[in-house]
Amino acid sequence: RVPIAGKLDACLFDKTGTLTTDELVAVGVCQPVKLKIPKGKEEDDDKFLTPMIQVHDEAAFVLAGCHSLVYFEGETTGDPLESAALKSMRWQLSSESGNAEPSPASEKKPAGKPITISSDSNIAGIEVLTRHHFSSKLQRMS
């Protein structure tokens, strides 16, 4: 499967799948202070991206609560980028409530961590109350 955007000059195929995959993987989040790094110098900062499993609580709160994902017929459906972000920070949609919650630990991966916004409370579940679809005319979700 080749995503087509505009005009193609070359078409490359990877028959074995060793070089490419159709699964998106979120690598990290760029914190606001890192945006001051001059363009082209990002590679000089080995901590330019915060890994998704270590993302700051405020960013995790936004990623877990501002999405269009739904749990339907036993699987999470919706925007692949939003799904990849949630999965990479080890959160998932609950099969019972459809709310975002930390994923349990597996043999290969640690459990997702609750979000701590203030020192006295941990958030272990987030419910999306309203979904606003993207309007290309307005260039925003409204």
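**Figure 1. The second largest pocket has a volume of about 230 Å³.** The model shown here and in every view below is predicted. Ten residues line this pocket; E23, L24, P80, S83 and A84 are the closest to its centre. Two elements, β4 and α2, each give two or more residues to the lining. The largest share comes from α2, with four residues. By type, the lining divides into three nonpolar, four polar and three charged residues.

**Figure 2. Helix α2 has a capped start and a buried set of residues.** At the N-terminal end, the cap is D79. One of its side-chain oxygens lies 2.7 Å from the backbone nitrogen of L81. Further along, E82, A84, A85 and L86 are the buried residues of the helix. They pack against α1 and β5. A84 appears in Figure 1 too, among the residues closest to the centre of the second largest pocket. After α2 comes R90, with a positive phi near 65°.

**Figure 3. Two residues that are not glycine have a positive phi: E73 and R90.** Most residues other than glycine have a negative phi. For E73, phi is about 50°. E73 sits in the loop between β3 (70–72) and β4 (75–77). Is E73 buried or exposed? E73 is exposed, because its relative accessible area is 71% and the cut-off for exposed is over 50%. For R90, phi is about 65°. R90 sits in the loop between α2 and β5. Is R90 buried or exposed? R90 counts as buried, because its relative accessibility is 12% and buried means under 20%.

**Figure 4. The largest nonpolar core holds 15 residues.** In soluble globular proteins, nonpolar side chains tend to be buried together. Which members of this core touch the most other members? They are A64, L86, M89, W91, A100, I115 and I126. Three elements give two or more residues each: α1 (57–65), α2 (80–88) and β5 (91–93). The largest share, three residues, comes from α1. Take M89 as a close-up. Leaving aside residues up to four places away in sequence, M89 touches M52, I53, A60, L63, A64 and G112.

**Figure 5. Helix α1 packs against several other elements through its buried residues.** Those buried residues are A59, A60, A64 and G65. They pack against one helix, α2, and against the strands β1 (28–29), β5, β6 (100–102) and β7 (115–118). A64 links this view to Figure 4, where it is among the core members with the most contacts to other members. A60 links to it as well, as one of the residues touched by M89.

**Figure 6. H67 is buried in the loop between α1 and β3.** H67 counts as buried because its relative accessibility is 8%, and the cut-off is under 20%. What does its side chain meet on the backbone? A polar atom of the H67 side chain lies 3.1 Å from the backbone oxygen of A64. A polar atom of this side chain also lies 3.1 Å from the backbone nitrogen of L69. Farther along the sequence, H67 touches E82, L93, A100, V128 and R131, with residues up to four places away not counted. Of these, E82 is a buried residue of α2. A100 is a member of the largest nonpolar core.

**Figure 7. A search of the whole structure finds one cavity of 30 Å³ or more.** Rolling a probe the size of a water molecule over the atoms shows where empty space is left. The largest cavity holds about 50 Å³ of space. Which residues line the largest cavity? They are M52, I53, V55, D57, A60, M89, W91, K113 and I115. Seven are nonpolar, none is polar and two are charged. M89, W91 and I115 also belong to the largest nonpolar core. M52, I53 and A60 are among the residues that M89 touches.

**Figure 8. The protein chain has two helices and 10 strands.** Along the sequence, the pattern is β-β-α-β-β-α-β-β-β-β-β-β. The chain has 142 residues, and 21% of them count as buried. Among contacts with a separation of 6 or more, 40% join residues 24 or more positions apart.

Key:
Residues are numbered from 1 along each chain as its sequence is written. This is a predicted model: local features need pLDDT of at least 70, side-chain atom pairs count only at pLDDT 80 or more; totals for chains, interfaces and linings use all residues. Side-chain values use heavy atoms; hydrogens and water are left out. A nonpolar core is a set of buried Ala, Val, Leu, Ile, Met, Phe, Trp, Tyr and Cys residues joined through side-chain atoms within 4.5 Å. Buried means under 20% relative accessible area, exposed over 50%, partly exposed in between (1.4 Å probe, protein chains only). Contact means heavy atoms within 4.5 Å. A polar contact is a pair of N or O atoms within 3.5 Å; within protein, one must be able to donate a hydrogen and the other to accept it, and residues adjacent in sequence count only if both atoms are side-chain atoms. On a 1 Å grid over the protein atoms alone, a cavity is a set of points where a 1.4 Å probe fits but cannot get out, and a pocket is an open set with protein on both sides within 12 Å along at least five of seven lines; lining residues have an atom within 4 Å of a point. Grid points are joined across faces, edges and corners, and a volume is the space filled by probe spheres set on the points. Ala, Val, Leu, Ile, Met, Phe, Trp, Tyr, Cys and Pro count as nonpolar, Asp, Glu, Lys and Arg as charged, and the others, Gly among them, as polar.
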